[in-house]
Amino acid sequence: QVQLVESGGGLVQAGGSLRLSCAASGRIFSINAMGWYRRVLGNQRELVAVISSGGNTNYADSAKDRFTISRDNAKNTVYLQMNSLKPEDTAVYYCNVRLRTGRGPEYDYWGQGTQVTVSS
């Protein structure tokens, strides 16, 4: 099967930086888009940033100019560099990977989530 392992969350002061990583492993035939979502307690999960297999990126307005998404296809890993963090960025961050495990359809896989807490 497929496993997504996230790392890099933690506690940081406002204005600080964190870098999240998410590595996919297992029975992977091909990977399409990779992205990051977040959920603030009590709210729905929301898109933060996504990157296509070709490297095209899309960001939520709240992440533009502060966050950068990137991927290393050789390592099946997606990153989220977060700068100028604000208390409102506090959330559980989840990676999402759309991939094929064979020649069939694509499916979305989710990481276990990593807590990011920004103190004021």
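What share of the contacts in the protein chain with a separation of 6 or more comes from residues 24 or more positions apart? Some notes on that and a few other points follow.

1. To start with the question: residues 24 or more positions apart make up 55% of the contacts in the protein chain with a separation of 6 or more. Please keep in mind throughout that this is a predicted model.

2. On secondary structure, the protein chain has 11 strands and 0 helices. Its pattern along the sequence therefore reads β-β-β-β-β-β-β-β-β-β-β. With a radius of gyration of 14 Å, close to the 14 Å given by the globule rule for 120 residues, the protein chain is as compact as a globular protein of that length. Along the principal axes, the C-alpha atoms fill a box of roughly 50 × 25 × 25 Å.

3. Turning to the surface, 38% of the 120 residues in the protein chain count as buried. The accessible surface is about 6500 Å², and carbon and sulfur atoms hold 45% of that area. As for charge, the chain carries 13 positive and 9 negative charges, whose mean positions lie 7 Å apart.

4. R66 deserves a look in your viewer. This residue sits in the loop between β6 (57-59) and β7 (67-72). Is R66 buried or exposed? Its relative accessible area is 11%, and the cut-off for buried is under 20%, so R66 is buried.

5. Which backbone oxygen lies 2.6 Å from a polar atom of the R66 side chain? That oxygen belongs to S62. The R66 side chain also reaches the backbone oxygen of S84, at 3.0 Å. Beyond its neighbours within four places in sequence, R66 is in contact with Q81, M82, N83, S84, L85, K86 and D89. S84 thus appears both in that set of contacts and as a backbone partner of the R66 side chain.

6. A24 makes a good companion to inspect, this time within a strand: the residue belongs to β3 (residues 18-26). A24 has 6% relative accessibility, and because that is under 20%, this residue counts as buried.

7. Which residues touch A24, leaving aside its neighbours within four places in sequence? They are Q3, L4, I31, K75 and N76. For a separation across the sequence, take A24 and C95: these residues are 71 residues apart along the chain, and their C-alpha atoms are separated by 9.8 Å.

Note on methods
Residues numbered from 1 in each chain as written. Predicted model: local features only at pLDDT ≥ 70, side-chain atom pairs only at ≥ 80, totals over all residues. Heavy atoms only, no water. Helix = DSSP H or I, 4+ residues; strand = E, 2+ residues; numbered from the N terminus. Rg over C-alpha atoms; globule rule 2.2 N^0.38 Å. Buried < 20%, exposed > 50% of the residue type's maximum accessible area, 1.4 Å probe, protein only. Contact = heavy atoms within 4.5 Å. Areas by Shrake-Rupley, 256 points an atom, 1.4 Å probe, with all protein chains shown as cover. Lys, Arg positive; Asp, Glu negative; His and termini not counted. Charge placed at Lys NZ, Arg CZ, Asp CG, Glu CD. Polar contact = N/O pair within 3.5 Å; in protein donor to acceptor, adjacent residues only side chain to side chain.
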